[in-house]
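Please look over the model below. Then read how some of its helices pack.

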Amino acid sequence: MYSFVKNIFLKSYFVQYRPFFIFLLKFFLTYGVLMFAYQLYLNSFDAEKFETDSFTELVASQTNDVLHLFGQDTSIAPHDSQPSVKLFLNGKFIARVVEGCNAMSVMILFVAFVVAFKGKMKQTIVFVLISILVIHILNILRIALLAIALYHYPEYEHILHGVVFPLFIYGVVFGLWVLWVQKFSLHAKAS
């Protein structure tokens with residue numbers, strides 16, 4: 001009898017919260033697959049030889065280009081003892097651009113959320129691609145502005161690097177999530 005009651009209770013519980021469980025399954029499955037693929041990509045670079053992945057190098061190069069557009073005297077160079085790119089401003093070493101600076105993990109988290117919060121296939125693909133481009137551009141601006149801020153206010157490195165600029169990028173991602181849920185997801189159409 002206990003087993004029968006338990007099975008009925010679990011079944012009704014699953015039926016009641018089915019959309020939530022499906023959301024979690026899609027989120028973790030998408031996140032897991034994308035992170036696995038990204039880790040395979042990262043593993044193709046030899047960290048012991050201080051090889052920086054190509055995407056991080058691209059981000060560093062584009063940050064350098066943006067700083068030049070801002071009229072700054074900047075340059076970049078491979079780090080000689082770490083898998084990163086050194087960023088120089090007015091001849092002064094300002095920052096290292098490491099794998100974590102490229103916002104790829106933020107983009108993967110973003111995509112997993114959008115995929116889990118169901119939408120029409122074409123809208124989902126277009127929204128994800130445009131949003132990833134927005135995140136990428138804003139991330140490059142974030143690094144460029146952070147470099148300028150660190151050059152002028154090095155004593156505020158902890159708050160600038162650890163609080164202000166991460167809050168900026170995560171705030172944008174959160175805003176894009178809200179936009180997706182309220183305007184484009186199937187949930188938005190239903191409510």
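## Helix 2 against helix 4

Helix 2 and helix 4 are roughly antiparallel to each other, because an angle over 145 degrees counts as roughly antiparallel, under 35 as roughly parallel, 65 to 115 as roughly perpendicular and the rest as oblique. The axes of helix 2 (residues 18-43) and helix 4 (residues 104-116) cross at roughly 150 degrees and come within 8 Å. Axes are lines fitted to C-alpha atoms, for helices over the stretch in contact, and angles run from 0 to 180 degrees between N-to-C directions. Helices (H or I, at least four residues) and strands (E, at least two) are DSSP runs, numbered from the N terminus. The crossing of helix 2 and helix 4 is right-handed: the near helix is turned clockwise from the far one by less than a right angle, while anticlockwise would be left-handed.

This is a predicted model, in which local features need pLDDT of at least 70 and side-chain atom pairs count only at pLDDT 80 or more, while totals for chains, interfaces and linings use all residues. Residues are numbered from 1 along each chain as its sequence is written, and side-chain values use heavy atoms, with hydrogens and water left out.

Which residues of helix 2 meet helix 4? Among them are Phe23, Phe27, Tyr31 and Leu34. On the helix 4 side, the residues include Met104, Ile108, Leu109 and Phe113. Contact means heavy atoms within 4.5 Å. By class, the contact of helix 2 with helix 4 has 14 nonpolar, one polar and one charged residues. Ala, Val, Leu, Ile, Met, Phe, Trp, Tyr, Cys and Pro count as nonpolar, Asp, Glu, Lys and Arg as charged, and the others, Gly among them, as polar.

## Helix 5 and its partners

Helix 4 also meets helix 5. Their axes come within 10 Å and cross at roughly 155 degrees. That makes helix 4 roughly antiparallel to helix 5. The crossing is right-handed. Met107, Phe110, Val111 and Val114 are the helix 4 residues here. By class, this contact has eight nonpolar, three polar and no charged residues.

Helix 3 (residues 54-69) packs on helix 5 at an angle of about 60 degrees, with the axes 9 Å apart. Helix 3 and helix 5 are therefore oblique to each other. Helix 3 passes helix 5 in a right-handed crossing. Phe55, Val59 and Leu67 are among the helix 3 residues that meet helix 5. By class, the contact of helix 3 with helix 5 has ten nonpolar, four polar and no charged residues.

## The largest pocket

What is the volume of the largest pocket? It is about 220 Å³. On a 1 Å grid over the protein atoms alone, a pocket is an open set of points where a 1.4 Å probe fits, with protein on both sides within 12 Å along at least five of seven lines; lining residues have an atom within 4 Å of a point. Grid points are joined across faces, edges and corners, and a volume is the space filled by probe spheres set on the points.

Of the 14 lining residues, Ala95, Arg96, Cys101, Leu146 and His161 are the closest to the centre of the pocket. Helix 5 gives the largest share of the lining, five residues. Ala95 is found in strand 3.
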